[in-house]
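Work through the exercises below with the sequence and the model open beside you. Try each task before reading its solution.

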Amino acid sequence: MKETDGLGFANMPLCREPWESFYILRRGILPCCYGNPIIGAMPDYAEVWNSPELQDIRSHLSRGELSPYCRESLGCPIVQRVLRKEEEEGAPAARRRPPILRLINKMLFGLPGRIWQLLRLR
């Protein structure tokens, strides 16, 4: 298989997590371990597996793109690599995070990004 910029194989999705895993927690359901916010309630796991939110995430990832949901998951190493690559290629400033914020988030295991997401939702 041919590698594509170190982000995965050319015929594979950018991330396979939403097809292979499902995180059902007391507080709700997450599509991956870095995900936030909750995409469904714990008892609704059967409906959430093919919900529009999860289908949108899968659709973006299968095209080799990050979904809006994934872009907010700053603790994810795949998101960090894609954002770094976009920055190197000169992505629009509105879609980039300042390097110092990404570094702090990475050093603190994604906790600042998750706190920021929680604050934005309120």
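**Exercise 1. Find which residues His-60 is in contact with, leaving aside its neighbours within four places in sequence, and describe its setting.**

Solution. Start with the contacts in this predicted model: once the neighbours within four places in sequence are set aside, His-60 touches Glu-65, Leu-66, Ser-67 and Pro-68. Next, locate the residue along the chain, where His-60 turns out to belong to helix α3. Then look at the polar part of its side chain, one polar atom of which lies 3.0 Å from the backbone oxygen of Asp-56. Finally, decide whether His-60 is buried or exposed. Its relative accessible area is 15%, and since buried means under 20%, His-60 counts as buried.

**Exercise 2. List the buried residues of helix α3 and explain how they are arranged around its axis.**

Solution. Helix α3 covers residues 52-62, and its buried residues are Leu-54, Ile-57, Arg-58, His-60 and Leu-61. When you look down the axis of α3, these buried residues fall within an arc of 165 degrees, so they line one face of the helix. A general rule helps in reading this pattern: an α-helix has 3.6 residues a turn, so residues three or four places apart point the same way. The next step is to ask what this set of residues packs against, and the partners are α1 (17-20), α2 (45-48) and α4 (68-71). To finish, follow the chain just past the end of α3, where Gly-64 adopts a positive phi of about 80 degrees.

**Exercise 3. State how many salt bridges a search of the whole structure finds, and examine some of them together with the exposure of their residues.**

Solution. The search finds four salt bridges. As background, side chains of opposite charge can pair when their charged atoms come close.

- Take Arg-16 and Glu-20, which form a salt bridge whose closest N and O atoms are 3.2 Å apart. Arg-16 is partly exposed at 41% relative accessible area, while Glu-20 is exposed at 53%.
- Continue with Arg-63 and Glu-65, whose side chains meet in a salt bridge at 3.2 Å, N to O. Arg-63 is partly exposed, with 46% relative accessibility, and Glu-65 is partly exposed, with a relative accessible area of 36%. Glu-65 also appeared in Exercise 1, among the contacts of His-60.
- Turn then to Glu-89 and Lys-85, where the closest N and O atoms of the salt bridge are 3.5 Å apart. Both residues lie in helix α5 (residues 77-89), and they are four residues apart, about one turn of the helix. Glu-89 is exposed, with a relative accessible area of 57%, whereas Lys-85 is partly exposed at 23%.

**Exercise 4. Describe the protein as a whole: its helices and strands, their order, and its burial.**

Solution. Begin by counting the elements, which gives seven helices and two strands. Reading along the sequence then yields the pattern α-β-β-α-α-α-α-α-α. For burial, 34% of the 122 residues count as buried, and His-60 from Exercise 1 is a buried residue. Turning to the surface, the protein exposes about 7900 Å², of which carbon and sulfur atoms supply 60%. As a last step, consider the contacts between residues at least 6 apart in sequence: 41% of these join residues at least 24 apart.

How values were computed:
Residues numbered from 1 in each chain as written. Predicted model: local features only at pLDDT ≥ 70, side-chain atom pairs only at ≥ 80, totals over all residues. Heavy atoms only, no water. Buried < 20%, exposed > 50% of the residue type's maximum accessible area, 1.4 Å probe, protein only. Contact = heavy atoms within 4.5 Å. Areas by Shrake-Rupley, 256 points an atom, 1.4 Å probe, with all protein chains shown as cover. Arc of directions from axis to C-beta. Polar contact = N/O pair within 3.5 Å; in protein donor to acceptor, adjacent residues only side chain to side chain.
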